[in-house]
Amino acid sequence: MIRTEQTGPILTITLDNPPVNALGAALRSGLAKAIARAADDISVGAIIVTGSGKLFSAGADISEFGKPLADPQLPDVLAAIEACPKPVIAAINGTALGGGLEVALACHYRVALASAKLGLPEVKLGILPGAGGTQRLPRLVGVEAALKMIVSGDPVSVAKALASGLVDKVVENAADLLTAAAGFADSPARPTGERAVSGDAAAADAFAAANPRLFKGFTAPTACVEAVKAAATLPLTEGMAVERRLFLELVAGDQSKALRHAFFAERAAAKVDDLPKDTVKRDIARVGIIGAGTMGGGIAMNFLSAGLPVTMVETNAEALERGAALIRSNYEATAAKGRLTTDQVEAAMALLTPTLEFGAVGECDLVIEAVYENMDVKKQVFGRLDAVAKPGAILASNTSYLDVDAIAACTSRPEDVLGMHFFSPANVMKLVEVVRGAKTAPDVLATVMALGQKVGKVPVVAGVCYGFIGNRMLIPRQDNALALVMEGASPEQVDKVHTDFGMPMGPFQMTDLAGVDIGWHRDETRIDNLKDALCAQGRWGQKTKAGFYDYDANRKRSTSPVVAALIEEFREREGITPRAISDEEIVARTLYTMVNEGALILEEGIAQRSSDIDVVWLYGYGWPRWTGGPMFWGEREGFAKIVAGLEHYTDRMPESFSIAPLLRSPQPEPVA
Ligand code: CAA
């Protein structure tokens, strides 16, 4: 856990707790003992604290939260470091996050390797830096810069850290780090806590007022501001007490539990339980994309950005040109925001080979089909792919609903076929549902899961069924939303329940964005439901400036009198007398039904684990992260309450509706 080595008067303490040097109980205890011994040992003149491996430390051991924390507590260990009469120098050998950075903040000097990143990501776990981060960081960099790091949770580069005063020296080569740190051995001990804070409480309020987006929905950011205000106005010990109180409140709160769940859920999703440990992955050196539409282009960008060459195939020259131009303009828009250099844009574009030659995908190791969502079209594409793809190439379909086994059956190599369902916009949304067909080979699945992670996606395994995990859960939500409107609710009321819950948009706003005409039979004379009526009138959603809502030239949404009249007309036609619909009913029929569908998905083995369903909704649909995802939220809400709600409204649901037996089975105690 802790290694110590003395060279002359310098004692080097190395944090050694793979994989990320998390500051669990044993490491805290070892560090405290090493510091105490060094302070007492007259042969030690200065102390260097560094980390082994690639990281300095990823901070507190998150798996310890929610249980009573064994002594010593990190704030006490850090107080001892700060109070040490001998100079303590942090030699930051790699990324330092959370409690890891707080260790460095408590040291008297900080020397960092140029490639390291420094951050306080606690807010992303629903807490605040609880080991003096909110008190010491403002003393080094001032209120505003500290709040930026603490409230965003985003790490800064070492270059930035040097400019702000967070680190004292930067070293380019790892081999020089300890020598550079030793350069401070003769400097005086310099407690961070004794420094004055630049900035005041008003600066903290100004930061909050200027950054409302960082605060929306989450409780921790407001607590971060309060703690930093304490740093600006109180001596260290009193500020530390404020930080402690806020930390303990937050860590016990529902949001932090949900956000910790999301952290571990994301990492669990990357694991496929039944894959043999020794599965050897296939090499993917070039990716082929069939289709240069919005989806194909977005998918291509993931690989180009990660440095993988892409061959993009289209059937007509104009569409191909348009697709390639869209990729370029997306990159240029990012560059205009300062998030890419022109060189990076050109490097990515240089990896793209647009072509009209279908056979060109013959040199690709993975080919992703992103054509029109129609089984016949997909089958045809896979038949052709089978003829041209090289042996061992992985063939993936970006279908969002269709039967991957039926698609695989059009090839002579169903073991090489799977689904890779990207979410729109595919260069932005992190989720990829990796659809495992009945015959998909283990190494094909393992390769695609690893590749997904490599290009910065969050891949989640799903089995074959209509809509897989995410879109299948949309079905009961959308059906009930429409039925609720027929029975008396307005689209606005239904949507508001969802946006108040924290969803980025409600069911009708989403339909308007995706296109009301998706799945429409395109026969204007056949009007079976409200959606058909909208489609027949050309109200196809945002793209036609009219859907369930009206849209102006800037896509600003407003209530549509036309739709209100249509709804009236439909109710009359169906003999429905509208009634007042409560928000509780909307919750039961559009959110509880999703939990129910998730439970069915789990029972059928379509998802490996409940937390995978949460990951799908968190990363594919913007489900509010502070609730942990639909299944975690459902567990917290209580399955008994959900079953009761669903039973209450069963007679208003379609005949096919059934309550998942899983929801009726005894529920384990919620995670602490
Ligand atoms: N505690 C416990 N386990 C952790 C951990 C932590 N702080 N950080 C990472 N891990 C675990 C992961 O769960 C994962 O475990 P499995 O292999 O069993 O799935 C393993 O370490 C490797 O992590 P990643 O897969 O995430 O590896 P990576 O290389 O992609 O990323 C990382 C490394 C950037 C450090 C990333 O893991 C990360 O962001 N960790 C969380 C950092 C964080 O939030 N720190 C703040 C902790 S709270 C705190 O410190 C409070 C305080 O004030 C005292």
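**Exercise 1. Polar contacts of the ligand**

Determine how far an oxygen atom of the ligand lies from an N or O atom in the side chain of lysine 271, and describe the surroundings of the ligand in this predicted model.

*Solution.*

Step 1. The distance from a ligand oxygen atom to an N or O atom in the side chain of lysine 271 is 2.5 Å. A polar contact requires N or O atoms within 3.5 Å.

Step 2. For arginine 267, an N or O atom of the side chain is 2.7 Å from an oxygen atom of the ligand. In isoleucine 62 a backbone N or O atom takes part, 2.9 Å from a nitrogen atom of the ligand.

Step 3. The ligand taken alone exposes 970 Å², and 68% of that is buried by the protein.

Step 4. The ligand is surrounded by 23 residues; Ala60, Gly99, Glu102, Arg267 and Lys271 are the closest. Sorted by class, this shell holds 14 nonpolar, 4 polar and 5 charged residues.

Step 5. Helix H3 (99–106) and helix H11 (254–269) each contribute at least two residues to the shell. The greatest contribution is that of H11, with 3 residues.

**Exercise 2. Two neighbouring rings**

Classify the geometry of the pair formed by the rings of phenylalanine 263 and phenylalanine 264, and state whether each residue is buried, partly exposed or exposed.

*Solution.*

Step 1. Aromatic pairs in the model number 14. In the pair of phenylalanine 263 and phenylalanine 264, the ring centres are 5.1 Å apart and the planes stand at 85°, so the arrangement is edge-to-face. The cut-off for this class is an angle over 60 degrees.

Step 2. Phenylalanine 263 has a relative accessibility of 22% and therefore counts as partly exposed. Phenylalanine 264, at 38%, also counts as partly exposed.

Step 3. The charged end of arginine 267 sits over the ring of phenylalanine 263, at 3.7 Å from the ring centre.

**Exercise 3. A pair between distant parts of the chain**

Describe the aromatic pair of phenylalanine 423 and tyrosine 621, and locate both residues in the chain.

*Solution.*

Step 1. The pair is edge-to-face, with 5.3 Å from centre to centre and 75° between the planes.

Step 2. Phenylalanine 423 lies in the loop between strand S16 (417–422) and strand S17 (431–435), whereas tyrosine 621 lies in the loop between helix H24 (610–620) and helix H25 (630–637). The two residues are 198 residues apart, and the pair thus links distant parts of the chain.

Step 3. Phenylalanine 423 and tyrosine 621 are both buried.

Step 4. One aromatic cluster is formed by Phe423, Phe501, Tyr592, Trp617, Tyr621, Trp623 and Trp633.

Methods. Residues numbered from 1 in each chain as written. Predicted model: local features only at pLDDT ≥ 70, side-chain atom pairs only at ≥ 80, totals over all residues. Heavy atoms only, no water. Phe/Tyr/Trp six-rings, centres within 6.5 Å; stacked < 30°, edge-to-face > 60°. Buried < 20%, exposed > 50% of the residue type's maximum accessible area, 1.4 Å probe, protein only. Helix = DSSP H or I, 4+ residues; strand = E, 2+ residues; numbered from the N terminus. Lys NZ or Arg CZ within 6 Å of the ring centre and 35° of its normal. Near = heavy atom within 4 Å. Polar contact = N/O pair within 3.5 Å; in protein donor to acceptor, adjacent residues only side chain to side chain. Areas by Shrake-Rupley, 256 points an atom, 1.4 Å probe, with all protein chains shown as cover. Nonpolar A, V, L, I, M, F, W, Y, C, P; charged D, E, K, R; others polar.
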